[in-house]
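Colleague: Could you take me through this model and tell me how each label is earned?
Modeller: Gladly, here it is.

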Amino acid sequence: MKAKTVWLSAAVWFIAAGVTGCGVDRGPEPGGAADVAVKAVANETQNSFTTAPSASTGTQAAQGGATGAPSAVQSQPYPVVNTHVSPKVYGMRKFPYPYEAMLAISSDADSETLRKFNLIHEFINTTEMTPLGKGLGLDFADSFFMYNGDNLPGYVDIHHEPMSDELSWFKGVSNQPYAAAILNHYIHVGWIDTMHTFGDFSQRNQNETLFSRKLAIQAIDTLKADGDFLTVWTDHGNKSNVDNFGDYGKTPFYDYQQGANPWSKYYHTDLTIPYGIRFVWPDGASDQFGMRSMIYPLKLPDGREVWGFWRYTSEGFNAKGDPEWNWTPFGLDEQLSPAHLEELERDHDYAIVAQHLCGTTYPGVLPQPAVEALRRLAQQYHEGKILVTRTSRLLNYNVVQQYVSYRVTYEGGKAYIHIMAILDPVFGAYVPTVDDVRGLTFYTSNPAKTVIEIRNTPIPADLIQENRSDGVAPSIGIKWWPVDTTNYAETAPDIY
Ligand SMILES: [Zn+2]
């Protein structure tokens with residue numbers, strides 16, 4: 001009889017600590033279900049039901065009025081979930097409901113001009129009528145250059161615009177502003193979230209460069225002064241771009257990457273990483289479209305560590321072993337093929353698609369198959385299948401989803417999910433803000449009786465989203481970022 005009392009108090013009165021979540025050890029995930037099975041086993045309250053099924057008769061009869069537990073529970077050979085008992089938290093859903101996958105387009109600033117940039121963003125980000133058709137209303141952020149030290153032949157845009165008109169913050173490699181005000185504006189409103197290195201330093205003679213540490217210092221001081229804090233860095237260009245640093249030491253080819261070499265006059269990661277760069281794409285090809293996780297710890301030559309990340313750049317490799325690059329608008333149709341998108345949804349994966357959306361001198365910026373490919377992607381987003389978002393948000397979510405540590409307690413008929421910390425193995429554990437954990441979603445038997453807290457502070461109610469079952473279970477989550485479809489495009493008379 002004593003044991004029965006203990007069971008009842010544990011189930012009904014007690015705070016039965018149960019679930020701790022941390023994605024580090026997760027096995028392959030067959031669905032949005034993620035770690036449901038694991039978490040259900042770890043849930044002690046669930047266990048207390050299963051271990052004492054026959055004990056319930058006497059005690060529940062005695063306290064039935066108080067608990068409101070229906071007699072059906074007692075006669076079931078296995079426990080059933082009902083609304084009169086504390087909800088059960090089963091574990092995390094990999095992506096915010098209702099999405100099955102997450103995708104970002106990561107577009108390099110090569111040959112960017114304001115004309116092309118505005119056409120692209122009005123089409124992808126807004127819902128207005130644009131020269132490319134009705135806007136798609138997607139969250140997409142671009143990359144940019146601080147400097148233009150490029151002397152390659154060719155044109156940057158239609159009308160034989162010279163390479164010197166490539167969009168950059170400063171004029172050439174000087175300290176004179178060029179598109180500074182506009183780029184600053186785009187960073188602030190979220191149309192830019194990535195540094196495509198400090199600048200375009202590609203030279204005809206790859207043994208020469210206009211990059212210097214002085215330019216890195218000037219760039220970081222300027223960005224900080226304007227409140228521009230970017231977290232994503234993508235390496236760029238030919239061997240003149242000595243400020244690259246992600247793959248130094250990988251093969252002799254990458255010896256030119258001097259940005260993280262403390263003995264080099266081009267060293268800058270002692271400034272760039274503390275400034276706030278967390279995610280680095282190190283100039284490596286990948287033909288894997290969807291991945292379980294996009295991030296991996298990347299140790300730099302100076303001993304610092306950042307998150308490296310993958311981008312899909314090519315569809316396979318040719319006979320010589322070279323990547324079949326498809327990261328221009330002419331390859332967008334192949335990149336965002338129906339098969340790729342289906343596979344992404346089926347496998348519940350992340351994808352970061354490398355592009356050069358402004359990379360051609362095509363008059364309409366995007367050829368028709370590229371426009372249709374983006375429409376195909378937008379449809380998957382609007383149907384609630386693929387969450388399309390900017391690269392920095394995807395990468396932050398990836399870290400949080402993979403390394404969140406949480407506990408579940410039960411009290412007064414409610415379940416409390418306490419987000420304890422993000423156990424980031426690269427930058428160190430931290431207690432997240434609400435914005436850090438946007439999108440985190442938990443399966444629960446009863447969302448209305450489940451509370452999400454950071455430590456012991458509830459998430460504000462207007463940021464909570466309760467979801468019906470997706471076929472696995474109902475869920476509750478912290479709302480994802482609202483999509484901003486405002487047309488932020490600006491022009492300036494002296495900028496092409
Ligand atoms: Zn580039």
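Colleague: What makes α6 a helix, and how do you know how its reach compares with the expected span?
Modeller: A helix is a DSSP run of H or I with at least four residues, numbered from the N terminus, and a strand is a run of E with at least two. Helix α6 (residues 114-125) has 12 residues. The expected span is 1.5 Å times one less than the number of residues, which gives 16 Å here, and α6 reaches 15 Å from its first C-alpha to its last, close to that value. This is a predicted model: local features need pLDDT of at least 70, side-chain atom pairs count only at pLDDT 80 or more, and totals for chains, interfaces and linings use all residues. Residues are numbered from 1 along each chain as its sequence is written.

Colleague: Why is α6 called largely enclosed?
Modeller: A residue is buried if 20 or more other C-beta atoms, placed from the backbone, lie within 10 Å of its own (exposed: 12 or fewer; partly exposed: in between). In α6, 11 of the 12 residues are buried, so the helix is largely enclosed by the rest of the structure. Among them are Phe117, Ile120 and Phe123.

Colleague: What makes β3 and β19 a pair?
Modeller: Pairing takes at least two bridges found by DSSP between two strands. Strand β3 (residues 101-107) and β19 are joined by three bridges and run parallel, so they count as a pair. Met102 has Leu387 in β19 as its bridge partner.
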